[in-house]
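Reader: I'd like a close look at one small part of this model, and then how that part sits in the rest of the chain. Could you walk me through it?

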Amino acid sequence: MGVNNPGIGGFYTYSIGIVMKGQDMELVKIFTMWMIIDLSNNQFEGGIPEVFGKLNLLKGLNLSHNNLNGGIPTLIGNLTSFEWLDLSSNRLSGTIPNRLADLSFLSSFNVSENKLHGQIPQGKQFNTFGNDSYQGNKGLCGFPVSKGCNIIEPPPPNVLEKDGSKSNITFGWKVVLIGYGCGVVFGMSVGYVVFQTGKPKWLVNLVEIQHEKKRRRKSKDGSRSNGRRRI
């Protein structure tokens, strides 16, 4: 960021103005070890390049007030020296990568006025960011915004227990009543048809055999009692 002037014999450093951590700042001199990128307030379109996640010495990135779309690159979570990120006032969608919560030096984070959704990462530096960092994203939920995340867990499947002796499968009382009613109606219908068409021979024979056995037992008991009286 300078030009060599052979006539003067020195190096001239330009002063620049940047927006860092939400504040306008003017740098009179540019430090060679201070790696920052400020491309805010332009008309850039398209997605955020993945190459930003490979700039290991990058301290800050400001892409706010553009027309960027797509998601936030997960590779940004690799920037261990990252201190601030401003992606506000774009058309970004998707969720906030959970890997950003591992950036222990991240002190400023702003993704307001986008179309992000899902749960906000929790823990570490993300517990220090306020609601202003996320406003304008109706789909975001969880701390610190007021909208809670309704996580519905599916019910466990009905499977046999490990010992195989019992089952978790249960039947409702409606199913039992339906089965009982069908059985009663079927039995009454069969009985009506049988007795209307004539006496079933197997049933008549069974009744007569049982009656004959009882009659014989009574006659034997009577003979034994008469013999005892004669003696």
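Reader: In which loop does Ser64 lie, and what surrounds it there?

Author: Ser64 lies in the loop that runs between strand 7 (60-62) and strand 8 (67-70). A quick word on the ground rules: this is a predicted model, where local features need pLDDT of at least 70 and side-chain atom pairs count only at pLDDT 80 or more, while totals for chains, interfaces and linings use all residues. Residues are numbered from 1 along each chain as its sequence is written, and side-chain values use heavy atoms, with hydrogens and water left out. Strands here are DSSP runs of E with at least two residues, helices are runs of H or I with at least four, and both are numbered from the N terminus.

Back to the loop. Ser64 has a relative accessible area of 4%, so it is buried (under 20%; exposed is over 50%, partly exposed is in between, with a 1.4 Å probe and protein chains only). Its side chain makes a polar contact of 2.7 Å with the side chain of Asn62 (a pair of N or O atoms within 3.5 Å; within protein, one must be able to donate a hydrogen and the other to accept it, and residues adjacent in sequence count only if both atoms are side-chain atoms). Setting aside neighbours within four places in sequence, Ser64 is in contact with Ser40, Asn41, Asp86, Leu87, Ser88 and Asn90 (contact means heavy atoms within 4.5 Å).

Follow the chain out of that loop and you come to strand 8, part of an open sheet of five strands in the order 6-8-10-12-13, with parallel pairing (two strands pair if DSSP finds at least two bridges between them). Strand 6 (45-46) and strand 13 (139-141) are the edges, each pairing on one side only. Further into the order, strand 10 and strand 12 (residues 115-119) pair in the parallel sense over two bridges, and Ser93 has Lys115 in strand 12 as its bridge partner.

For contrast with Ser64, take Asn98, in the loop between strand 10 (91-94) and strand 11 (108-110). Asn98 counts as exposed because its relative accessibility is 57%. Its C-alpha atom is separated by 9.9 Å from that of Gly123, 25 residues apart along the chain.

Zooming out, the chain has two helices and 13 strands. Buried residues make up 24% of its 231 residues.
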